[in-house]
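Ready for some practice at reading a protein model? Have a look at what follows, then try each exercise before you read its solution.

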Amino acid sequence: MRLSNYFLPTTKENPAEAEIVSHRLMLRAGMVRQLSAGIYSWLPLGFKVLQKIEAIVREEQEKAGALAILMPTIQPADLWRESGRYDDYGAEMLRIKDRKDREMLYGPTNEEAVTDIFRGTVRSYKDLPKNLYHVQWKFRDEVRPRFGVMRGREFLMKDNYSFDLDKEGAIRSYNAMFVAYLRTFARLGLKAIPMAADTGPIGGDLSHEFIVLAETGESEVYYHKDFEALDPMIDVDYTKDLQPTIDQWTANYAATDEKHDANSDIDSADLITGRGIEVGHIFYFGTKYSDAMGATVQGPNDDTIAVEMGSYGIGVSRLVGAIIEASHDDKGIVWPESVAPFKVGIINIRADDDACVEAADTLYKQMEEAGVEALYDDRADRAGVKFSTMELIGLPWFITIGPRGVKNNLVELVNRKTGEKVEVSPEEALKRMIG
Ligand code: ATP
Ligand code: MG
């Protein structure tokens, strides 16, 4: 992408309304723009990151056996009356009336909607287990929307729902999601601590939150001092019993509060208190919704069985902010390669020098042809402006092209994270970006 053709409305000034670094940097890097309190438009750079995160979330869901569907954002109030949650949900729910005066709502979550799909389509235990996921916008009229996309009112969530014949099967589904979450967050460059949690308004009796450590986080977390040394990119065979893996992660490394210490093997001397951001939350809640809404199947002995369910959420749009909180420096964002909007930035430091323009154009064209995502700053701006733009938007690599180097067939390749610089030929730079 040529920057002269792109839409990257960056700013030097710190926006006054932004209290935390990720919000500041997202606004300064021209990733999002607020339309109304807690409601954001995603501009090209931000949208690209959002889509990359979504793609990784989807891949790990598919590997764990979940099937993609898409449910609507608008739901009928009557469905929520069946589960009893229409009144319980309170002021966070955005309630709407259609032209026929029917009560509708903008979905804050989808347990009712998915249970309705299930009860209308699945008849026999032979069709179980099933795990359905979607990535869809949610609306929660938060009392205090803040921190940009981190606590929005409209936000993008991956949510999925498992259906099993019995509790044992439901725990298996829960465990698969637990491991899928560890893998998802690891691929996003994050260490997310799984923490036993309250089940809240979703209900049920087994639940974990996944917390990314950050000083500005809203959750308090207790964890083992060795936690950060763990490799979360665990290899997994979803057909095997995952319980031992999960026990290792929970009992040995994370605790919610003093109470949980009873179930935890962590010595209090090894316990660290920190703050973190909730990026995912999983629940096993048994037959809460299937009982209330009549989601049953015919069992092996011709009996009628209410299905055992679980639900699992990942805050896809919140993750954009959480990744920045976990990975930035005083110059700007430092994207992990897996979600970076472009892999490499190309800076021509002398836009008025024909040889430099030609060298930069050529390298850019070769990158495009090789399928390397490159953002080429071909503007007439001063070199300093180009450097600070690249540092702000945080691409993992950038390549600078200047008159001295061009004479000697050399460019400078800079690693955004380490600041390490090497002079290499343009061919070598290209090779490294492909590899
Ligand atoms: P929180 O405790 O942060 O309010 P929650 O427990 O209400 O979140 P869940 O119902 O568990 O949220 O939703 C699943 C995931 O959706 C959360 O783990 C979080 O990552 C994300 N999420 C929830 N509320 C918001 C929000 N207002 N803005 C952005 N993401 C959100
Ligand atoms: Mg939660």
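**Exercise 1.** Which residues form one aromatic cluster?

*Solution.* Keep in mind that you are looking at a predicted model. The cluster is made up of F178, Y181, F185 and F210.

**Exercise 2.** How many aromatic pairs does a search of the whole structure find? Work through one of them, Y106 with F139.

*Solution.* Step one is the count: the search turns up 13 aromatic pairs. Step two is the geometry of the chosen pair: Y106 and F139 are 5.9 Å apart, centre to centre, with 55° between the planes, and the pair is tilted. Tilted is the right word because the angle falls neither under 30 degrees, which would be stacked, nor over 60, which would be edge-to-face. Step three is the place of each ring: Y106 belongs to strand β6 (residues 103-106) and F139 to strand β7 (residues 130-139), so the pair links distant parts of the chain, 33 residues apart. Step four is burial, and the cut-off to use is under 20% relative accessible area. Y106 has 13% relative accessibility, so it counts as buried. F139 has 7%, so this residue is buried too.

**Exercise 3.** Now take the rings of Y174 and Y312. Is the pair stacked or tilted?

*Solution.* Start with the numbers: the ring centres are 6.3 Å apart and the planes meet at 55°, so the pair is tilted. Next, find the elements: Y174 sits in helix α6 (residues 167-187) and Y312 in strand β16 (residues 308-315), so parts 138 residues apart in sequence are tied together. Finally, check burial: Y174 has a relative accessible area of 1% and is buried, and Y312, at 2%, counts as buried as well.

**Exercise 4.** Which charged end sits over the ring of F342, and which over the ring of Y86?

*Solution.* Over F342 you'll find the charged end of K48, 4.3 Å from the ring centre. Over Y86 it's the charged end of R95, at 4.6 Å from the centre of the ring.

**Exercise 5.** How many cavities of 30 Å³ or more does a search of the whole structure find, and which residues line the largest cavity?

*Solution.* First, the idea behind the search: rolling a probe the size of a water molecule over the atoms shows where empty space is left. Here the search finds 1 cavity of 30 Å³ or more. The volume of the largest cavity is about 50 Å³. Its lining consists of G38, Y40, W42, W137, V149, G152, E154, F155 and S317. Two elements, β2 (39-42) and β8 (154-164), give two or more residues to that lining. Sorted by kind, the lining residues come to 5 nonpolar, 3 polar and 1 charged.

**Exercise 6.** How many of the residues of α9 are buried? Then follow the chain to S327.

*Solution.* The count is 10 of the 11 residues, so α9 is largely enclosed by the rest of the structure. Among the buried ones are V316, S317, R318 and L319. Now for S327, which is in the loop between α9 (316-326) and β17 (328-329). With 18% relative accessibility, S327 counts as buried. Leaving out neighbours within four places in sequence, S327 is in contact with I333 and V334. The C-alpha atoms of S327 and A214 are separated by 9.9 Å, although these residues are 113 residues apart along the chain.

**Exercise 7.** Where does S219 lie, and where is D226 found?

*Solution.* S219 is part of strand β11 (residues 219-224). Its relative accessible area is 16%, so S219 is buried. Beyond residues up to four places away in sequence, S219 touches I211, G274, R275, G276 and E278. D226, on the other hand, is in the loop between β11 and α7 (243-253), and its 37% relative accessible area makes D226 partly exposed.

**Exercise 8.** What is unusual in the backbone, given that most residues other than glycine have a negative phi, and most peptide bonds are trans?

*Solution.* Look at the peptide bond from L128 to P129: it is cis, with omega near -5°. Then check phi: D101 has a positive value near 70°, and N409 has a positive phi of about 55°. D101 is in the loop between β5 (94-97) and β6, and at 55% relative accessibility D101 counts as exposed. N409 is in the loop between α12 (403-407) and β22 (411-415), and N409 is partly exposed at 38%.

How values were computed. Residues numbered from 1 in each chain as written. Chains lettered and ligands numbered in written order. Predicted model: local features only at pLDDT ≥ 70, side-chain atom pairs only at ≥ 80, totals over all residues. Heavy atoms only, no water. Phe/Tyr/Trp six-rings, centres within 6.5 Å; stacked < 30°, edge-to-face > 60°. Helix = DSSP H or I, 4+ residues; strand = E, 2+ residues; numbered from the N terminus. Buried < 20%, exposed > 50% of the residue type's maximum accessible area, 1.4 Å probe, protein only. Lys NZ or Arg CZ within 6 Å of the ring centre and 35° of its normal. 1 Å grid on protein atoms, 1.4 Å probe; cavity = no way out; pocket = protein on both sides within 12 Å on 5 of 7 lines; lining within 4 Å. Points joined across faces, edges and corners; volume = space filled by probe spheres on them. Nonpolar A, V, L, I, M, F, W, Y, C, P; charged D, E, K, R; others polar. Contact = heavy atoms within 4.5 Å.
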